[in-house]
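Please walk me through this structure, starting from one charged side chain and working outward to the sheet and the cores.

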Amino acid sequence: MENGVNELRYLELKNVLCEKIYKGIYEDGQKIPSERQLSTDYDVSRITVRKTLELMEKENLIVREVGNGTKITLNNYGNDNPLDVIALTAPSRNPFFAHFIAEFQKQAWEKDTLLLYVEIPEHTSLEDCLYRLYKRNIRNVVVWPDDQVIDKEKLLRLRGVGMNLVFFDADDALPYADAVFLDNVDAVESLIKSATYPAEEYLYIGWDNMDISNVKKREDAFVACCPKGKVVRIPWRRDRSIDDETLQYIKEEIRKMPKGMILCEAGEIAQRMAELLWGRENAGNRYTLCTIDDFDGSDRYPVTICVQDLQQSARKIYERLEAQSKLGSNWKAQSNQIKGRRKESQF
């Protein structure tokens with residue numbers, strides 16, 4: 001047993017107890033072992049156990065009641081974390097996200113913050129990746145979930161043990177994280193207003209993964225605006241590739257519409273449609289091509305694009321991290337929709 005309080009020892013014990021909270025071994029409202037039992041279980045002094053529990057109580061992780069033991073309490077509060085380091089996590093890189101990283105890096109640089117990019121490995125849950133960052137004392141994280149399934153119970157545990165979170169391009173994590181994402185309804189409506197075709201002469205092409213919040217929101221917005229329009233869903237792939245069989249199917253659907261607007265849910269889909277329309281058949285002069293999000297080489301085609309304001313998004317994300325750090329128990333998760341701007345190709 002050690003003599004007195006060794007700071008490293010009580011922090012180690014705190015981390016052990018926090019891991020049990022994250023894994024659900026200790027649940028919200030559950031009593032944890034007594035000081036005597038913790039001292040025996042982890043071979044530390046009672047003074048170290050007491051110091052650990054004092055720290056956890058100060059961080060609103062536990063409630064100690066005389067004669068009634070110590071209980072876990074998971075609060076959906078902002079955490080007083082210094083913004084010297086922020087991690088930016090995503091399951092995969094793509095051109096769109098690379099542009100966002102560049103904008104957020106500028107924001108972090110202005111605030112004298114170190115930005116770390118962490119790619120979530122395949123077969124690793126989003127929350128487990130976040131907890132690994134937590135164990136390395138990285139407590140401020142911006143998350144781009146892409147197609148990751150979100151476990152809200154684990155997000156509450158992560159917030160409870162001291163992590164601040166902002167989700168970009170999705171609002172699935174509310175009320176345990178702030179959300180900053182494109183105003184999808186406004187984006188779809190603004191693109192549709194840019195054309196003058198009858199409502200039935202609209203073709204919408206989007207991914208089929210409705211678990212991705214933006215995919216569903218954009219399709220729903222299109223259906224609301226153009227109830228007679230045609231919707232084509234294509235198989236979701238994380239690498240955003242479209243196979244030949246799917247391309248042939250889309251080609252046949254386009255041929256059924258002698259003219260009209262083709263609205264693409266994402267830039268990578270629009271890129272393939274542009275290549276198809278202005279390729280060998282050169283059928284593009286009969287259609288207006290529109291898309292949400294830009295794509296490489298868009299200036300080679302006559303396409304109307306709703307471009308996300310990544311600079312404003314980066315600024316708002318940093319503001320929400322600051323709010324979480326400063327407001328504590330007064331923090332409440334916000335959903336922040338950022339309007340895009342319409343961009344006409346100079347082709």
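Is arginine 320 buried or exposed? In this predicted model, arginine 320 is buried, with a relative accessible area of 8%. Its side chain meets that of aspartate 178 in a salt bridge, at 3.2 Å from N to O. Arginine 320 belongs to helix α11 (residues 310–327) and aspartate 178 to strand β8, so the pair ties together parts that are 142 residues apart in sequence. Aspartate 178 is also buried, at a relative accessible area of 0%.

Strand β8 leads to the sheet. This is an open sheet of 6 strands in the order β5-β4-β6-β7-β8-β14, with parallel pairing. The edges are taken by β5 (114–119) and β14 (335–338); each has a single partner strand, so one side of each is left without a neighbour in the sheet. On average, neighbouring strands are turned by 20° against each other, direction ignored. Within the sheet, β7 (residues 164–168) and β8 (residues 178–182) run parallel and are joined by 3 bridges. Phenylalanine 167 stands opposite alanine 179 in β8.

Phenylalanine 167 also appears in the largest nonpolar core. That core has 39 residues, and Leu130, Leu155, Leu165 and Phe167 touch the most other members. At least two residues each come from α1 (7–22), α3 (46–58), α5 (126–135), β6 (140–143), α6 (152–160) and β7. Helix α5 gives the largest share, 6 residues. Leucine 155 shows how such a position is surrounded: leaving aside neighbours within four places in sequence, leucine 155 is in contact with Glu127, Leu130, Ile150, Leu165, Phe167, Ala173 and Tyr176. A second, separate core has 28 residues, including Ile205, Val215, Ile262 and Leu289.

Back to charged pairs: the salt bridges number 29. One of them joins arginine 46 to glutamate 35, with the closest N and O atoms 3.7 Å apart. Arginine 46 lies in helix α3 and glutamate 35 in helix α2 (residues 35–42), so this pair ties together parts that are 11 residues apart in sequence. Arginine 46 is partly exposed, with a relative accessible area of 33%, whereas glutamate 35 is buried at 18%. Another salt bridge links the side chains of glutamate 57 and arginine 64, at 3.1 Å from N to O. Glutamate 57 is partly exposed, at 32% relative accessibility, and arginine 64 is partly exposed at 27%. Through shared partners, salt bridges join Glu35, Arg46, Arg50, Glu57 and Arg64 into one network.

Terms used: Residues numbered from 1 in each chain as written. Predicted model: local features only at pLDDT ≥ 70, side-chain atom pairs only at ≥ 80, totals over all residues. Heavy atoms only, no water. Pairing = 2+ DSSP bridges. Helix = DSSP H or I, 4+ residues; strand = E, 2+ residues; numbered from the N terminus. Axes fitted to C-alpha atoms, helices over the stretch in contact; angles between N-to-C directions. Core = buried A, V, L, I, M, F, W, Y, C linked by side-chain atoms within 4.5 Å. Buried < 20%, exposed > 50% of the residue type's maximum accessible area, 1.4 Å probe, protein only. Contact = heavy atoms within 4.5 Å. Salt bridge = Lys/Arg side-chain N within 4 Å of Asp/Glu carboxyl O.
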